[in-house]
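Colleague: Could you walk me through this model? I would like to start with a sheet and then move on to the helices and the core.

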Amino acid sequence: MNPVECGTPVPLSGHADLIMHAAPEDCASYTHLPRSDETENPKGIPAQPWAARRNPVGIGDPCKEQRRLAHSKGWSMNRIPAAPPNRTATAFVVVLSLGACYPNSPNQPRIMSYIRKISQGLGCWAMAATAALAANSPEASSKFFRSDTGKNFGLKTGPLPDRLDAPGALRWRLPVDSGHSTPVLCGGKIILTTYRDAEKELATVALDQETGRLLWKQVVPTARIEPVHRTGNPAASTPAFDGERLYVFFGSHGLVCYDLDGKKLWHHPLGPFQDEFGSSSSPVLVDDKVILQEDHDLNSFLMAIDRSTGQMVWKTPRPDAVRSYSTPTVWTANGRKQLLVAGALELAGYDPSNGEKLWWVNGLARIVIPIPVAAQDMIYMASWSPGGDSGARIALESWASALGRFDKNKDGKLAKAEVEDAQVLDRFFRMDLDQSGDLIQKEWDRHAEVFRRAQNAVLALKPSGRGDLTEKALLWKHPRGAPYVATPLLDNGILWMVKDLGIVTKLDAVSGRVLSEERVPGIGSYYASPVTGDGKVYFASELGVASIVANQPGWRVISSHDFKEKIYATPVIDRDRIYIRTEKALYCFQGKAAGN
Ligand SMILES: [Ca+2]
Ligand SMILES: [Ca+2]
């Protein structure tokens, strides 16, 4: 263990996969360890396919809502698009001009999320004070994205920094490989999944939570890396943790279980999934099972895997579910646990013991990325995707019309070479369910139906009973403010949401009343979900601007800091520290330091 030279990137013991870069004010605490995974990760092992999570693309993003709000507030609409807007709409009837808005904010990474184990009958971590025993267990003390079921981590956070650029606020910065997964804190370790593009290497790494030093790294053997969306990353799903074992999902490589020392316990192969954007949904835990939701173009399913053996317990097909990238939430209602599963157009409740679909509610977007937020007896579901806003809907023309325009050889099918419409070509892969290279009416109509039924909204639900609860369960519905990727934050009766352009909408969770519609300093897309602690809500934009807003009914921006490194992962708060993962590094900020 050698101290790292202050401020100098230093390759770790003979491998340059992780480099520690000591913050000058804290360099004495930096040490490094040799990697401990040599036996698990031999180079040249025959690899296997695996997939990653990636970002769905929608084609025209009308951005009407953003424009309306920006106009009313006098905001600038400037933003930096990741790609030129696609404005050609021919086969699709776009009932709204695309304007100068950002094209499509894809989805994120984000993805990710989780759940956690909670004391019986109580639904959320905020109640953990009543479950001291559970709170003392390793599992209960672990923290990862939405392990708090959407609430904050309780009352023990803080002090947290008011300014990330204040002197002493940065405890350490550690350059890490790319990845959109959210850091997992467990047993004094920070777990990350990573991807190195040059070597096509997918890995799970463990860092010391105090110092950031590398403890171990495990690489999964892969023959190929499946393509991801332009904003996606193969290391997108956030691991789950139960106090003893980590459950790491690498798309079509499947689910891998490690102990806290990095020893592989089992591997459950999965995929490949039919989805050119890959898979980003994250594993969640309930009872003795690991739950996975995989909604892709074909063969979507929800499944449970035995935590200890890696064997499948049950698998429930989701034949009507087209691609989406949400993650299930565990909800306890009337003393019974349910899996809340959000997919395209529909939120459903499943019995975790056997996978039975108990009820469902329609009214979701055509691509759903945020995860359900569960309160005690309420569920909040926000979803948005291009083409679902009232007055800005995208509709697919009829099959007869499309045939008339494109079917040059009059065989009743549309070959890719026949279609001259960019909007259809953009979606050709997902529409061509049998991957035959041409579209038939059944494939066309299925996609048209998804557009027809899509709704962008925030729903407050109180489901009770079985079957279709669309009408019965709805308490209120808000048509604006729903994010594309970032999961809402429910705290102290306020539902916080951040969507592209940095628009933050705060709703009264009981009534749905708008408390405020404002904008944080960072423009552009938002993939990271907001988190809260110590009276502050932290936001992070794709372009790397982190903003701190006072957690109060009124609106007050405390500070903003530009990392100048892209951010996709959701920050994690633990006591007086906040961990922020950028595309290049993991940062640990501390509120106790001088200057805060
Ligand atoms: Ca044809
Ligand atoms: Ca076909």
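Modeller: Happy to, and please keep in mind that this is a predicted model. A good place to begin is an open sheet of four strands with antiparallel pairing, whose order is S11-S12-S13-S14.

Colleague: Which strands stand at the edges of that sheet?

Modeller: Look for strands with a single partner strand, since one side of each is then left without a neighbour in the sheet. That description fits strand S11 (240-241) and S14.

Colleague: How many bridges join S13 to S14?

Modeller: Strand S13 covers residues 255-259 and strand S14 residues 264-268, and the two run antiparallel. Within this pair, Leu255 stands opposite His268, and Cys257 has Trp266 as its bridge partner. The bridges joining the two strands number four.

Colleague: Which residue in the turn between S13 and S14 has a positive phi?

Modeller: The two strands form a hairpin, with four residues between them. In that turn, a phi of about 90° belongs to Gly262.

Colleague: On to helix H6: how far apart are its end C-alpha atoms?

Modeller: H6 has 13 residues, 441-453. At 1.5 Å a residue it should span 18 Å, and the model agrees with this because the end C-alpha atoms are apart by 18 Å.

Colleague: Within what arc do the buried residues of H6 fall?

Modeller: The buried residues are Glu443, Trp444, His447 and Val450. Seen down the axis of H6, they line one face of the helix, because they fall within an arc of 125°.

Colleague: What covers those buried residues?

Modeller: Several elements contribute to the cover of H6's buried residues. They include strand S25 (394-396), helix H4 (399-406), strand S27 (438-439) and helix H5 (422-431).

Colleague: And what arc do the buried residues of H5 cover?

Modeller: In H5, Gln423, Val424, Arg430 and Met431 are buried. They sit on the same side of H5, because the arc they cover around the axis is only 100°.

Colleague: How many residues does the largest nonpolar core have, and how many are in the other core apart from it?

Modeller: Tyr380, Met381 and Phe539 have the most contacts inside the largest nonpolar core, which has 131 residues. Apart from it lies another core, with Leu414, Val424, Met431 and Leu439 among its members. So the counts you asked for are 131 for the largest core and, for the other, seven.

Note on methods
Residues numbered from 1 in each chain as written. Chains lettered and ligands numbered in written order. Predicted model: local features only at pLDDT ≥ 70, side-chain atom pairs only at ≥ 80, totals over all residues. Expected span 1.5 Å × (residues − 1). Buried ≥ 20, exposed ≤ 12 C-beta atoms within 10 Å, placed from the backbone. Arc of directions from axis to C-beta. Contact = placed C-beta atoms within 7 Å. Pairing = 2+ DSSP bridges. Core = buried A, V, L, I, M, F, W, Y, C linked by C-beta atoms within 7 Å.
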